[in-house]
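Please look over the sequence and the fold shown here before reading on. The report that follows is about pairs of charged side chains.

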Amino acid sequence: MKKYSAISIVLSTFFILSSCSATQPSPLVEALLEQPSVNSRLILESAIGELLNSQPIKLADNVFLEKSTVIIGYQQSRNSRNNLLNGREIRQADSVSLLTKSGKCYLKHNRSEDIKLIGNISCRSIQNLSRIHIERCRRPNTGNTTGTPY
């Protein structure tokens, strides 16, 4: 009798633990923009402004194309001689990361850890991009002697 109850406890524990790990949501992963455009940049500028509780932030044309995180610096108040005004708050730079999960794109304010779903843009996991690069590097030699990539 004790033998069966010990086995049932072990099996019950196994099933409970395996069901807990099966129901954990997949994490957000770093991402890059797939198809950058003026419209996608405007969407990102507005979303970052909302995350930072400010007006839209002006971004470079190549934002989120090579790195998943962008650092946002603040312009300090200066007088007519270009000296910092005394008594003004000097704000630290902020950073925002582009993330993806299940084909959807998100922005994360790294300081507050607020996350915002971003519609109408497409992004791809950096992990997927790394796999594509590795597979291209592993291709067999095709006899290409011109020095150009595959």
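## Salt bridges in the predicted model

At 40% relative accessibility, glutamate 34 counts as partly exposed, where buried means under 20% relative accessible area, exposed over 50% and partly exposed in between, with a 1.4 Å probe and protein chains only. This is a predicted model, in which local features need pLDDT of at least 70 and side-chain atom pairs count only at pLDDT 80 or more, while totals for chains, interfaces and linings use all residues. Residues are numbered from 1 along each chain as its sequence is written, and side-chain values use heavy atoms, with hydrogens and water left out.

Searching the whole structure gives five salt bridges, each being a side-chain nitrogen of Lys or Arg within 4 Å of a carboxyl oxygen of Asp or Glu. Three of them, including the one made by glutamate 34, are set out below.

| Pair | Closest N to O |
|---|---|
| Glutamate 34 and arginine 124 | 3.6 Å |
| Arginine 41 and aspartate 61 | 2.7 Å |
| Aspartate 94 and arginine 111 | 3.4 Å |

Arginine 41 lies in helix α2 and aspartate 61 in the loop between α2 and β2 (69-72), so this pair ties together parts that are 20 residues apart in sequence; helices (H or I, at least four residues) and strands (E, at least two) are DSSP runs, numbered from the N terminus. Arginine 41 is buried at 13% relative accessible area, whereas aspartate 61, at 60%, is exposed. Both residues belong, with Glu45, to a network of salt bridges.

Aspartate 94 is buried, with a relative accessible area of 5%, and arginine 124 is partly exposed at 32%.
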